[in-house]
Amino acid sequence: MRQGIALYICAILGAGVLVLPGQAASLAGPAALIAWGFSALLGLPLAFTFAALATRFPDAGGVATFAARAFGPSVGGIAGWWYFIAGSIGQTIVPLTAGYYVAAALGLGQKWAPAVAAIVLASAVLANLAGLRLGARVQIGLAAGVAAILLTVVLVALAQVRLDHLAPFAPHGIAGIGRTVVVLFFAFAGWEAIAHLSAEFRDVGRTLPRATLLTILIVTVLYLGVAFAVVGTGSYGDRALDRISLGVIIQRGLGLSAVGVVAVAAVVICLGTANAFVASVSRLGYALARDGWAPGFLTRTNRQGAPHFSILAVAGIGGAGLLAAAVFGWGTDDIVFIPSVLVLATYLLGTAAAARLFDRGRRVLALTAVALLLTTVPFAGWHLLIPPAIAAVAVPARLLADRSRTRLSEHRRTGPTTSGPRNRRRA
């Protein structure tokens, strides 16, 4: 139970809680609170739908397994690739967030953030290579630290809140709120992440639903509290400020000496998130390879039972993103729409699969989630092209791989032909 709650909390309350409150407020103004409230409300049917799916079909494939059972293997493979890419790109965003806070605390320019981020990512990768048991134990301590840190931010912000910061309430209208909801899918991506670890729970039917309920309560209170702290104190408005909004709140309330503490807190939060998602996404990579949707070597495991090649693949994608951030100056606000839209597409497929696989009450719950998700689709803009583009690559690649395996199998079964020049020479 403790490990399940800890993994959930650290999967959800990660980089999103450090950079997205400021970015969301810049996109929607104080009306960002509506976007946060809607996202929290959407988390209810999403969380319980995925918990029900994971309980009934515990497997490392997560949403890929659910979609395959409902709509066939091709749809399952596409869903798996959507989430694999989203989660792997997240390993650029999450460590980079820690880099922002550490660079600010040390008085360095933002150009040093990718270097700090590389250390955070490497630490999460090493923890996962050591095995999930070690990762889960570390996760419990990290989750407790995350909750304490965020509560501190909210309490410190109370004395700085001014009502005039709430006006104008919606300077960018409904469009701003809608775009903010799309961005916040990255913040709430963890509802699906735990499904990839469901097969490793000792008693998934008993533990996972309880862990889900308690996590929903904790996450909702902390997210809304931190979002209100940023909006109420006016700690947003430009890219540099948005990236370290929580640090600014602490600095104003407790003084410059607190900046270093905030940087340490950022590292703790981001390390917890990276640890959870490297574990989750690498298991998905393992499942994709097992089912023929990814190279077979991703199924190999080390002595600790960890899929080490899949872990390194996730790290490679995250590391490539950090390199691009260092070379081109990209920030989290430039990248976050990509995994957010992929998570939205994954959630739509996952909840649609639940609506087909379940009946009665659970089907109603899944259909509610589908309806709420569809209301956000129009605000994704051109980013909606990303999921079908990935599908257009994944499906032909799978077909080519299947043909190659079929030809190799036929060649091994039938042996060399009798009409070739080599056989004539033998004759």
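This is a short tour of a predicted model, stop by stop.

**The whole chain**

Start with everything shown. The chain has 427 residues, and 55% of them count as buried. Colour by secondary structure. You should find 19 helices and zero strands. Now think about contacts between residues at least 6 apart in sequence: 84% of these join residues at least 24 apart.

**Confidence**

Next, colour by pLDDT. The chain has a mean of 83, and 86% of its residues reach 70 or more. Which helix has the lowest mean pLDDT, and which the highest? Select residues 421-426 for the lowest: this is helix H19, with a mean of 42. Then select residues 308-328 for the highest: this is helix H14, with a mean of 93. Go back to the low end and select residues 416-427. Here the pLDDT is below 50. Beyond near neighbours in sequence, this stretch has three contacts in the model.

**Helix H3 with helix H16**

Hide the rest and select residues 32-56, which form H3, and residues 337-357, which form H16. Two packed helices are described by an angle and a distance, both taken from their axes. For H3 and H16 the angle is about 60 degrees, and the axes lie 10 Å apart. The pair is therefore oblique. Their crossing is left-handed.

Show side chains where the two helices meet. On H3, pick Leu46, Thr49, Phe50, Leu53 and Arg56. On H16, pick Tyr347, Gly350, Thr351, Ala354 and Leu357. How many of these contact residues are nonpolar, polar and charged? There are six nonpolar, three polar and one charged.

**Helix H3 with helix H8**

Keep H3 on screen. Swap H16 for helix H8, residues 173-183. H3 and H8 pack at about 45 degrees, with their axes 9 Å apart. That angle makes H3 oblique to H8. The crossing here is right-handed.

Which residues make this contact? From H3, select Ile34, Ala35, Phe38 and Ser39. From H8, select Ile177, Thr180 and Val181. Sorted by class, five are nonpolar, two are polar and none is charged.

**Gly22 in helix H2**

Move to residues 15-28, helix H2, and click on Gly22. Is Gly22 buried or exposed? Gly22 has 0% relative accessibility, so it counts as buried. Leave aside its neighbours within four places in sequence. Gly22 then contacts Val230, Tyr236, Asp242 and Ser245. Now add Ile244, which is 222 residues away along the chain. The C-alpha atoms of Gly22 and Ile244 are separated by 7.9 Å.

**Two stops in helix H14**

Return to helix H14 and select Ser310. Ser310 has a relative accessible area of 0%, so this residue is buried too. What touches Ser310? Not counting residues up to four places away in sequence, the list is Phe84, Val281, Ser282, Gly285, Tyr286 and Leu298.

Stay in H14 and select Ala326. Ala326 has a relative accessible area of 48%, which means it is partly exposed. Finish by selecting Ala113, 213 residues from Ala326 along the chain. The C-alpha atoms of Ala326 and Ala113 are separated by 8.1 Å.

Key. Residues numbered from 1 in each chain as written. Predicted model: local features only at pLDDT ≥ 70, side-chain atom pairs only at ≥ 80, totals over all residues. Heavy atoms only, no water. Axes fitted to C-alpha atoms, helices over the stretch in contact; angles between N-to-C directions. Helix = DSSP H or I, 4+ residues; strand = E, 2+ residues; numbered from the N terminus. Parallel < 35°, antiparallel > 145°, perpendicular 65-115°, else oblique. Left-handed = near helix turned anticlockwise from the far one by under 90°. Contact = heavy atoms within 4.5 Å. Nonpolar A, V, L, I, M, F, W, Y, C, P; charged D, E, K, R; others polar. pLDDT = per-residue confidence, 0-100. Buried < 20%, exposed > 50% of the residue type's maximum accessible area, 1.4 Å probe, protein only.
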